[in-house]
Amino acid sequence: METARVLVAADKFKGSLTAVQVAERVTAGLRRVAPGVRVETLPVADGGDGTVAAAVAAGFERREARVTGPLGDPVTAAYAVRDTTAVVEMAEASGLQHLPAGVFAPLTATTYGSGELLLAALEAGARTIVFGVGGSATTDGGAGMLAALGARFLDADGKPVGPGGGGLADLATADLTGLDPRLGAVDLILASDVDNPLTGPKGAPEVYGRQKGATEDDIAVLDAALAHYASVLGPEQAQLPGAGAAGGIGYGALVALGARFRPGIEVMLDVLGFAPALARATLVVTGEGSLDEQTLHGKAPAGVAAAARAAGIEVVAVCGRLALTPEALGRAGIRRAYALTELEPDPAVCMAEAGPLLERVAESIARDFLR
């Protein structure tokens, strides 16, 4: 019988395991039951937090830059480079992880540091930049990012508007002539797992504002301010898929930087070399912390499963919690899902003990699929 070749291509279990740790634990569990199995690991991400780590695990060089955090304080942000391709993750500069516990700034949080991170990638010689957007603390339409890249946003008195989405209500003129000219020679790919427009009932403030601390009044203020901002820069792009990603940074990239939107997991599978790894596999293990309805809309496991199904390779999934029916999993191309909560129903214990539990889950996969 031919030796099984397993490709472990899973995302992080948010709050408990990185994608690299997920791959390590699954590998350990598989080998305990099937010692001869060949395992290849390819940690994946969909453009949100963890994207740089996935690129580094795939052979990119990790670099760091000191940039402006969402509250205006300096933070250290990582990006990844291989040859002339850079992977930049906006959450590294402007993400919720840079906010102190319980502290939010929905009206003033800025993406300025994300622009500085893009500048660092330009300085590193990048000609292709995969710009992963998600996990932001910001709702400024990318105005901070563009300001860092040389744009000027002025009020009626010719003074710079205040930071964050709230300041855009005072915008009178936008001057993009100072944007770094190197941007014109770069292929900037906006990689996101959300396709929301900038404003309105499915826009960035309404759908994502609350998780960034916005009150109902704040959401109304931000929606009106972003609509005004778009009326100055270009209203057509505000309705494009991805414009509302990461507090509207997608819109800024689309309208001013010539970015092109692609589903984050598709971009990352290309960048990480998924296709050749898939060709070597007889079984794929994917997964993420929660397999739920959101998973089916562009999250990493759905992208992995779709690609594997197209290649005729069986897929199983691992997760912390499972909120999808077997039918929904089947439609996504996932033969079976294994949840940690099946072994440990207490969610807090499950997260604390995620590593050992995941090894036990992998042992079950080996018994079910590798015997």
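On a 1 Å grid over the protein atoms alone, a pocket is an open set of points with protein on both sides within 12 Å along at least five of seven lines, and its lining residues have an atom within 4 Å of a point; grid points are joined across faces, edges and corners, and a volume is the space filled by probe spheres set on the points. The model is predicted, so that local features need pLDDT of at least 70 and side-chain atom pairs count only at pLDDT 80 or more, whereas totals for chains, interfaces and linings use all residues. Residues are numbered from 1 along each chain as its sequence is written, and side-chain values use heavy atoms, with hydrogens and water left out.

The largest pocket has a volume of about 920 Å³. Its lining comprises 39 residues, of which Lys12, Lys14, Asp49, Gln294 and Lys299 are the closest to the centre. Helix 9, strand 11 (283–291), strand 12 (314–322) and helix 14 (347–352) are the elements that give two or more residues to this lining, where helices (H or I, at least four residues) and strands (E, at least two) are DSSP runs numbered from the N terminus. By class, the lining of the largest pocket holds 12 nonpolar, 16 polar and 11 charged residues; here Ala, Val, Leu, Ile, Met, Phe, Trp, Tyr, Cys and Pro count as nonpolar, Asp, Glu, Lys and Arg as charged, and the others, Gly among them, as polar.

A nonpolar core is a set of buried Ala, Val, Leu, Ile, Met, Phe, Trp, Tyr and Cys residues joined through side-chain atoms within 4.5 Å, and buried means under 20% relative accessible area, exposed over 50%, and partly exposed in between (1.4 Å probe, protein chains only). The largest such core has 53 residues, and Ile129, Phe131, Leu146, Tyr229 and Leu257 touch the most other members. Helix 9 (residues 245–256) gives the most to this core, with 8 residues. Leaving aside neighbours within four places in sequence, Phe131 is in contact (heavy atoms within 4.5 Å) with residues including Val88, Met90, Leu118, Met145, Leu190 and Ile249. Another core, of 41 residues, lies apart from the largest one and has Phe60, Val87, Ala305 and Leu329 among its members.

Helix 10 (residues 264–272) is largely enclosed by the rest of the structure, because 7 of its 9 residues are buried. Those buried residues are Gly264, Ile265, Val267, Met268, Leu269, Val271 and Leu272. Gly273, which follows helix 10, has a positive phi, near 80°.

The whole structure contains 21 salt bridges, each being a side-chain nitrogen of Lys or Arg within 4 Å of a carboxyl oxygen of Asp or Glu. Three of these pairs are tabulated below.

| Pair | N to O distance |
|---|---|
| Glu363 and Arg32 | 2.6 Å |
| Arg182 and Glu123 | 3.2 Å |
| Arg262 and Glu266 | 4.0 Å |

The salt bridge of Glu363 with Arg32 links distant parts of the chain, since Glu363 is in helix 15 (residues 354–369) and Arg32 in helix 1 (residues 19–33), 331 residues apart. Glu363 is buried, with a relative accessible area of 15%, whereas Arg32 counts as partly exposed at 47%. The salt bridge of Arg182 with Glu123 also links distant parts of the chain, with Arg182 in the loop between strand 8 (173–175) and strand 9 (187–192) and Glu123 in helix 4 (residues 112–123), 59 residues apart. Arg182 is partly exposed at 32% relative accessibility, and Glu123 is exposed at 58%. In the third pair, Arg262 is partly exposed at 21% relative accessibility, as is Glu266 at 41%. Elsewhere, salt bridges that share partners join Asp11, Lys12, Lys14 and Asp49 into one network.

Methods:
1 Å grid on protein atoms, 1.4 Å probe; cavity = no way out; pocket = protein on both sides within 12 Å on 5 of 7 lines; lining within 4 Å.
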